[in-house]
Amino acid sequence: MEPTDTPTLRRPDEHEQRGDPVENELHILLTEQDAEAERVAELTGYLREELLDLDVDDVTTLPGGEVPPGARAVDVTQIGALLVTLGSSATALNQVMTVIRSWVGRRHDTHPSLQLRMGDDVLEVSEATDDQVAEAFKIFGERHSRAGAEP
């Protein structure tokens, strides 16, 4: 299937543009069309493992993130939810964005969709080209370049 959707990037609101404190947490929501809960949990676990190798304070699954064995009636959107606490490293967000982009690039066979959120700023990536993803991640990262940096 040829990628047709472009990543959606919402502009920060007036509060965010004034330079108020930057969020230090990145929320990640991973989904995959027609995937069973166990598959989404598996993909989320792989991404979490890679993110834990970075200079971040923590990467946790959000409530609803564990799939009971054999479960079918689970909200798949909650299973793919991660919370990355960036910590004080000035490069943490950059590292996280690089890992996520690389991880998505290796999943061409599965086509996962991602939603990244810092505060009220949201980036949604679904069936985009590598160049579109790179540009969207660059813009998102630049908006939050101070995330994780000590004041």
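User: How many Å² does the protein expose, and what percentage of that do carbon and sulfur atoms supply?

Analyst: In this predicted model, the protein exposes about 8500 Å², and carbon and sulfur atoms supply 47% of it. Of the 151 residues in the protein, 38% are buried.

User: Which elements does the protein have, and in what order do they run?

Analyst: There are five helices and six strands, and from the N terminus on they follow the order β-α-β-α-β-α-β-α-β-β-α. Among contacts with a separation of 6 or more, 73% are accounted for by residues 24 or more positions apart.

User: Why is Thr44 called buried?

Analyst: Buried means under 20% relative accessible area, and Thr44 has a relative accessible area of 4%, so the term applies. Thr44 lies in helix α2, and, not counting residues up to four places away in sequence, Thr44 touches Leu30, Ile79, Gly80 and Leu82.

User: What makes Ala81 a buried residue, and which residues is Ala81 in contact with?

Analyst: The relative accessible area of Ala81 is 9%, and because the cut-off for buried is under 20%, Ala81 meets it. Ala81 has its place in strand β4, and once its neighbours within four places in sequence are left aside, its contacts are Ile28, Leu29, Thr60, Thr61 and Leu62. Ala81 and Gln115 are 34 residues apart in sequence, with a C-alpha to C-alpha distance of 9.3 Å.

User: Why is β4 described as largely enclosed by the rest of the structure?

Analyst: Four of the five residues of β4 are buried, and therefore the strand is largely enclosed by the rest of the structure.

User: How do you know that β4 pairs with β2 and with β3?

Analyst: Two strands pair if there are at least two bridges between them. Strand β2 (residues 25–31) is joined to strand β4 (residues 81–85) by five bridges, and the two run antiparallel, so the requirement of at least two is met. In that pairing, His27 has Leu83 as its bridge partner, while Ile28 has Leu82. Strand β3 (residues 58–61) is joined to β4 by four bridges, again antiparallel, so this pair also qualifies; here Val59 has Val84 as its bridge partner in β4.

User: What makes β2 and β5 a pair?

Analyst: Five bridges join β2 to strand β5 (residues 113–118), and the strands run antiparallel; because at least two bridges are required, the two strands count as a pair. Thr31 stands opposite Ser113 in β5.

User: Which residues touch the most other members of the largest nonpolar core, and which element supplies its largest share?

Analyst: This core has 34 residues, of which Leu26, Ile28, Leu51, Val84, Val96, Ile100 and Leu116 touch the most other members. At least two residues of the core come from each of β2, α2 (37–52), β4, α4 (92–105), β5, β6 (121–125) and α5, and the largest share, eight residues, comes from α4. As for Leu51, leaving aside its neighbours within four places in sequence, its contacts are Ile28, Val56, Val59, Leu82, Val84, Val96, Val99 and Ile100.

User: Why are the buried residues of α5 placed on the same side of the helix?

Analyst: In α5, the buried residues are Val133, Ala136, Phe137, Phe140 and Gly141, and because they cover an arc of only 130 degrees around the axis, they are on the same side of α5. In general, an α-helix has 3.6 residues a turn, so residues three or four places apart point the same way.

User: How does the reach of α5 compare with what is expected?

Analyst: Helix α5 (residues 130–143) has 14 residues and reaches 20 Å from its first C-alpha to its last, close to the 20 Å expected at 1.5 Å a residue.

Notes:
Residues are numbered from 1 along each chain as its sequence is written. This is a predicted model: local features need pLDDT of at least 70, side-chain atom pairs count only at pLDDT 80 or more; totals for chains, interfaces and linings use all residues. Side-chain values use heavy atoms; hydrogens and water are left out. The expected span of a helix is 1.5 Å times one less than its number of residues. Buried means under 20% relative accessible area, exposed over 50%, partly exposed in between (1.4 Å probe, protein chains only). The arc is that of the directions from the helix axis to the C-beta atoms. A nonpolar core is a set of buried Ala, Val, Leu, Ile, Met, Phe, Trp, Tyr and Cys residues joined through side-chain atoms within 4.5 Å. Contact means heavy atoms within 4.5 Å. Accessible areas come from the Shrake-Rupley method with a 1.4 Å probe; for residues, only the protein chains shown count as cover.
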